[in-house]
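Biologist: Can you bring up the model so we can go through it together?
Modeller: Here it is.

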Amino acid sequence: MNSAIENATCANVSRRSFLKGAAAAAVGIAAVDGGFEFVYPENAFADENAPEVTKHTYCDMCNHTPKCGITATVKEDKIVRVVSRANYPNDPLCAKGLSSLQELYDPHRLLHPMKRTKPKGQGDAGWEQITWDEAYDTIVAALNKVKDEMGPEGVFFYCGDPKEPRGAVNRLANLFGSPTYGNESSTCAYAALIGTGLVFGAQTMGANPTDNSKSCLIWSLNPAWSLPNRFGKLMNAKEKGCKFIIVDPRVTPTVTGLADIHLQLRPGTDGALALGIAHVMLRDGYFDEEFCQNWTHGFDEFKEYVQEFTPEKVAEITWVPAEKIEAAAKLWGEETPGTFITSASPQVHHTNAGNNMRAISSLVALAGNVDVAGGLQIDPGLPFDLFAATPAFNREDIYDAQLATKRYDLEDFPVWTKFVKQMQTNRFPEYVDEGKIKAMVMFGGNAMMWPQSHLYQEAIGKLDFACAADYYIRPWTHDYVDIILPAAMCYERMAPFAVFGRKIYLREPVIEPRGEAREDWQVAMELGSRLGYAEECFNGSVEEALAEVLRTTELGVTMQDLRDNPDGYAVPGGAPYEPKKYETGKIRKDGQPGFNTPSGKIELVSEVMKECGFEGLPLYNEPVYSPISTPDLAKDYPLILNTGSRVPMYSHSKLRDCPWLNQFMPEPIVRLHPKTAAERGLEDGEQVRVFNQLGEIEVKLEVTNLVLPGVVDIFHGWEKANVNKLTAREFDHVTGYPPFKSGLCQVERA
């Protein structure tokens, strides 16, 4: 499987061979007498003799921030070939990027606005095509009705996948006056960012090694599969002598390719492992004493707390051998400077998410690997947010203290609200049942992303009105909405920019949108214009909206500058990296020495946590359900349920219907260690039940040494086997995150 994908990343794939080749089979299959026949979109192919034009864009198939470059060959406004873009920061294209043509030309793609004609949640929605004008008129009337009756906070604006429209939708929500804006990072990146923000005063998920890095700590990330554009850079660092510690319960290609030390822990025990490493570092002197004494807050209290986390005790908790904990502490403390990389989710998909991340971050501080060359560098970069908008563009001036008091998550997750202006969405069903939310505007939403998904589906269905923009009609979400709008794909969109360091890339549409599809930014700006904010929403113009993004950066960059530099516009200025800026006041907003925390130091004991009524130390707490915290439940469900790991061909729930990718994993699977399977009399390839006190699903078994004995590794995003049925709605008090990766379950033959 891996070699096929690997080869595909280097191939030049034409549209015709891509669809008709053995790998793809077809974008659609129709039943006929005696079998099946291939179905292709009408007029999908260009005249082979038509002239070719080469254009550039970037991929969104992963939905994160890589924005890997694409060079597309176009004939008669049809894309016939895609390859990796040369001289571009992120490459090569992976299997998902190469398969994007199948998604673009999928005959099942949504191409027109639709409204339901039958009741919600009963299967057949009776979708009926309508005009954009009718859709907008209906949406505007519904939103204004809620606003008039209970205030704008009764309308929930939501961004899912792709994440690109966040800036535009955030602006729309603020203009409308609603603090009820959220996105899928309620279960993805924000917990990691909050954890590092509490410790460092800067939200980060780390950085790749540089030539100065002697070591790299990778905590719960498998870029070989999830970020192949990044993995090559890590391999280069390995060849230059950088030593790697990798924390992951699985044996991944990243582990086999990079790890000098692999810490294979029980899912959910990340905090205990970090505190155990800290114990050894402090016990044996593998720490930067001068830095800790001068630039950390709560060092003595933290040092006292970790005394109980001996390697032997931590080995019992985490299943990581004590000698490996000792070795990791020694390597990390001695091989400095060292950098740190973490992920958006695995280490925080637990009911101790915030403290887990704080404990992990403390290791960077103990080693003195903060704001030094080769370590965790704190560099502000250009004034864009993660998805290439700015606070001023998002109209955060409207999001004032009075509006913030109307947030529904203030009491539920007070630490979250200190760091994130977007609502923590995980208690959405309660807010609906309490009458706080009456309408919803959803861009790329997926009801399966939440634990106990049926409660969120029901909540959407209970609303007075809900609409969605998407590429397809997806029944598990759209059976519960009233109107669905066709979204343009990456080849058909302009917004947002791609930003790498000090370089900005403009994306021009490669082809005209198919059917009546419109890009998300256009939909948000047109909807805002019809709601009465035409001037602020540029009368629906995406180009003018992007020009405003540039204006609010105050960099003096224009759209024409970007067009004049199709290979990226390098913003003038900038300076070589300056280490230890905390000594000279170049990190803090007030110009004083130190870090942007309440104490001005790296906080091993958090003053923000104390302010919100919590313990300041990064306490370790067992997962709500585990062999230790719930031993009686573990008798019936003895296996650790670890869900949501990435694979090369899928991203979350996307792409399951893409034939070229689906061949690699055509059905949902669960992975068990041979020992665990043998104990249950199970064999590779069997259909099995995975179940616990919350529900059950049926999947195919894969027996493999890649996972730990006693751990179930299962992928999410399958509508026919939604593993989130087995995830409890128990939320971390700091971040609001659920335990996607540390439940309990049992596996039996189906």
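Modeller: What follows covers the domains, one threonine and some salt bridges.

Biologist: What should I know about the model before we start?
Modeller: This is a predicted model, in which local features need pLDDT of at least 70 and side-chain atom pairs count only at pLDDT 80 or more, while totals for chains, interfaces and linings use all residues. Residues are numbered from 1 along each chain as its sequence is written, and side-chain values use heavy atoms, with hydrogens and water left out.

Biologist: Which domains does the assignment give?
Modeller: Domain 1 is 114–190 + 383–563, domain 2 is 205–377 and domain 3 is 631–749. The bounds come from an automatic or database domain assignment.

Biologist: How many residues of domain 2 and domain 3 are in contact?
Modeller: On the domain 2 side there are 21, in contact with 26 residues of domain 3. Contact means heavy atoms within 4.5 Å. The centres of the two domains, taken over C-alpha atoms, are 26 Å apart.

Biologist: What area do domain 2 and domain 3 bury between them?
Modeller: About 1900 Å², with 65% of it on carbon and sulfur atoms. Buried area here is the accessible area (1.4 Å probe) that two parts lose on being put together, summed over both.

Biologist: Which three residues supply the most on the domain 2 side?
Modeller: Trp225, His349 and Thr351, which supply 33% of the area that domain 2 buries against domain 3.

Biologist: And how many polar contacts or salt bridges across that interface?
Modeller: Six residue pairs are in polar contact, both residues at pLDDT 80 or more. A polar contact is a pair of N or O atoms within 3.5 Å; within protein, one must be able to donate a hydrogen and the other to accept it, and residues adjacent in sequence count only if both atoms are side-chain atoms. The count of salt bridges between domain 2 and domain 3 is zero. For a salt bridge, a side-chain nitrogen of Lys or Arg has to be within 4 Å of a carboxyl oxygen of Asp or Glu.

Biologist: Which helices of domain 2 supply at least two residues each to that side?
Modeller: α8 (223–226) and α16 (353–366). α16 gives the most, with three residues. Helices (H or I, at least four residues) and strands (E, at least two) are DSSP runs, numbered from the N terminus.

Biologist: Changing topic: where is threonine 643, and is it buried or exposed?
Modeller: Threonine 643 is in strand β23, residues 639–643. Its relative accessibility is 2%, so threonine 643 counts as buried. The cut-offs are under 20% relative accessible area for buried, over 50% for exposed and in between for partly exposed (1.4 Å probe, protein chains only).

Biologist: What is threonine 643 in contact with?
Modeller: Leaving aside neighbours within four places in sequence, threonine 643 is in contact with Ile714, Val723, Phe740 and Lys741. The side chain of threonine 643 also reaches the backbone oxygen of phenylalanine 740 at 2.6 Å.

Biologist: Back to salt bridges. How many does the structure hold?
Modeller: 50. One of them is between the side chains of arginine 530 and aspartate 133, at 2.6 Å, N to O. Arginine 530 lies in helix α22 (residues 520–533) and aspartate 133 in helix α5 (residues 132–150), so this pair ties together parts 397 residues apart in sequence. Arginine 530 counts as partly exposed at 37% relative accessibility, and aspartate 133 likewise counts as partly exposed, at 45%.

Biologist: What about lysine 462 and aspartate 433?
Modeller: Their side chains meet in a salt bridge at 2.9 Å, N to O. Lysine 462 is in helix α20 (residues 453–462) and aspartate 433 in helix α19 (residues 428–433), 29 residues apart. Aspartate 433 has 52% relative accessibility and therefore counts as exposed.

Biologist: Which residues do shared partners join into one network?
Modeller: Asp60, Glu164, Arg493 and Arg507 are joined by salt bridges that share partners.
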